[in-house]
Amino acid sequence: MGKNSVGIVKTQYFECCESPQELKLKGGQRLGPITVAYETYGNLNNQKSNAILIFHALSGDAHAAGWHEEAKNPGWWDGMIGPGKAFDTNKYFVICANVLGSCKGSTGPASINPKTGKPYGLSFPVVTIEDMVEVQKLLIDHLGIKKLLSTAGGSMGGLLALKWSVLYPETTASVITIATNHRHTAQQIALHEVCRQAIMSDPDWQGGDYYGKSIPARGLALSRMIGHITYMSEKSMDDKFGRKLIGKEKVGYDFTQDFEVENYLKYRGDSFVQRFDANSYLYLTKTLDYFDLAEEGALVSTFRNVTANFLVISFSSDWLYPSYQSTELVRALKANDIDVSNIEINTNYGHDSFLVEIEGQSKLISHFLTRLEKKHL
Amino acid sequence: MSHSDRLDYQIILDFIEPNSRVLDLGCGDGELLALLIEQKKCHGTGIEIDEKAIYRCMAKGLTVSHGDINSGLADYSNKRFDYVILNESLQQILNLQKVILEALRVGKKVIVGVPNFCHWRGRLQVLFNGQVPVTKKLPFEWYNTPNVRFFSIKDFQNFCLMNKIKVLDHKALADDNLVSFFPNLFAHIGIFLLSKD
């Protein structure tokens, strides 16, 4: 743990949407009570004007920075959040909450339904990005914050940041989106559907009712293997593995593992099973696929009430959320006279760049926030 | 208050009214934009193709868009800016006519810096050496140059005439001096303030 770490942190829990004030979901159902797992780093100033809300990606959680007691690894964006880092906790109060529908502390399909005393499983309603935003808005209200200095997120987190900017334009001074887009495209939906089918065709999935029994480990691992391919680029995979063999001199001419890349994917898949719930993976991929910021009309008019300043970052080798999708976003923002800076960072790391390519992002984000800080703090 | 030694920047600063909305196409490191914001209280935005330059613009607290000039203009509505600047990039634009007309669509006024390929030194090289000129101001060999358009101050004036573009003001300079005597022979750069109805 270096001196620029936020140190030991603990996840906190916020309870909301108790009966009769259940959350009215976009799909029409009502859901409550809801638990929101969240972490905060740095200190909220007296004016409550220095808060930044970070949104995590599909399999992420509230633990964005610092270390949990006795953990082997820090939070998922520790390189970006801490004293002197891009999201400088000496200056800003950084919040990250686990999304609704996940399995990392917030209410999701693996949570106990208080009405039945059993896990929700497939009786959990399908939630949307909008629903996720509504829940996090309740958290921000609870913390007494009227206006955020910034909202930021990569991948799925970017979708939340975009939706927030449209739903509550007056509540954030800026938006940082990384490797994201304004609607899920056919290819993104198709890849997710393959992931879902991998889980649902595992006999252990049992219609989602597997809690307390054997879990659909093979399906979920396979699903994650597919996911991992989409997070890397052809180049980064070849750089990392090439045609290197695993523990053998020559290929076996059988169906045991030959190549390092096979072993890597298997490892990634298996370790994911230890930390993520299969049903949550099903639900969250659906949430993403339903996302279309422009569902009620043209993208340009979607942003008509937005006043926040934007920073839009994309990566040259990202084929899951390709740069041109960020460019579409930028064009719509410009057409609305919105202050927007954008960059395509040249990197080989594919979609994963938003977690890996820390140096470039740090510079851009800290400069961007410094400008805002002069205006708003 | 920071001060620029560059005469071309000074001329451009003099052309621009305070509190204007400015788009700098090919803004590079953002030096001019930063001066406009600081000295003229302008609202500025830049477009730049070079990724490294984007970082330097952001470090100056500027709003900047990573992209090429040709595609960058279409995003903006008519007369969205008071000024659109094309200072050091003109000779590198393939479809120059389209870009200038587009700039005149999104900007009420357009400022262009015109590199003069018909400076007397260049003319001498053509005349006596029989070679395409390579000068201090235009240092590139013909086989390795970012420049795709070669023209003079006079050519540009004709271009404006042909395209019904009004020249509201223009200055010519050589090194750090203004040139008023035969600018097409003695100036390295012409700076034009343009408009079109």
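Which residue in β14(A) is the bridge partner of Phe310(A)? It's Val340(A), and the second view below shows the pair in place.

Some housekeeping for this predicted model: local features need pLDDT of at least 70 and side-chain atom pairs count only at pLDDT 80 or more, while totals for chains, interfaces and linings use all residues. Residues are numbered from 1 along each chain as its sequence is written, and chains are lettered from A and ligands numbered from 1 in the order in which they are written.

**View 1. Strand β13 of chain A, residues 309-315, and its surroundings.** Seven of the seven residues here are buried (20 or more other C-beta atoms within 10 Å of a residue's own, with C-beta atoms placed from the backbone), so the strand is largely enclosed by the rest of the structure. Asn309(A), Leu311(A), Ile313(A) and Phe315(A) point one way, Phe310(A), Val312(A) and Ser314(A) the other, and both sets are buried. Strands here are DSSP runs of E with at least two residues, and helices are runs of H or I with at least four, numbered from the N terminus.

**View 2. The strand partners of β13(A).** Strand β12 of chain A (residues 174-178) runs parallel to β13(A), joined by five bridges; strands count as paired when DSSP finds at least two bridges between them. Ile176(A) sits opposite Leu311(A) of β13(A). Strand β14 of chain A (residues 340-345) also pairs with β13(A) in the parallel sense, over six bridges. To get from β13(A) to β14(A), the chain passes through helix α9 of chain A (residues 323-335), making a right-handed β-α-β crossover (clockwise from the first strand over the helix to the second, with the strands pointing away from the viewer).

**View 3. Where domain 1 of chain A meets domain 2 of chain A.** Domain 1 covers 12-184 + 292-376 and domain 2 covers 188-287, with bounds from an automatic or database domain assignment. Their C-alpha centres lie 26 Å apart. In contact (C-beta atoms, placed from the backbone, within 7 Å) are 25 residues of domain 1 and 21 of domain 2.

**View 4. The contact of chain B with chain A.** Chain B puts in 13 residues and chain A 17. On the chain B side, α3 (51-59) and β3 (63-66) each give two or more residues, and α3(B) gives the most, with five. The model scores ipTM 0.93 and pTM 0.95. Chain B averages a pLDDT of 92, with 98% of the residues scoring at least 70; pLDDT is the predictor's confidence in each residue, from 0 to 100.

Terms used: Contact = placed C-beta atoms within 7 Å. Buried ≥ 20, exposed ≤ 12 C-beta atoms within 10 Å, placed from the backbone.
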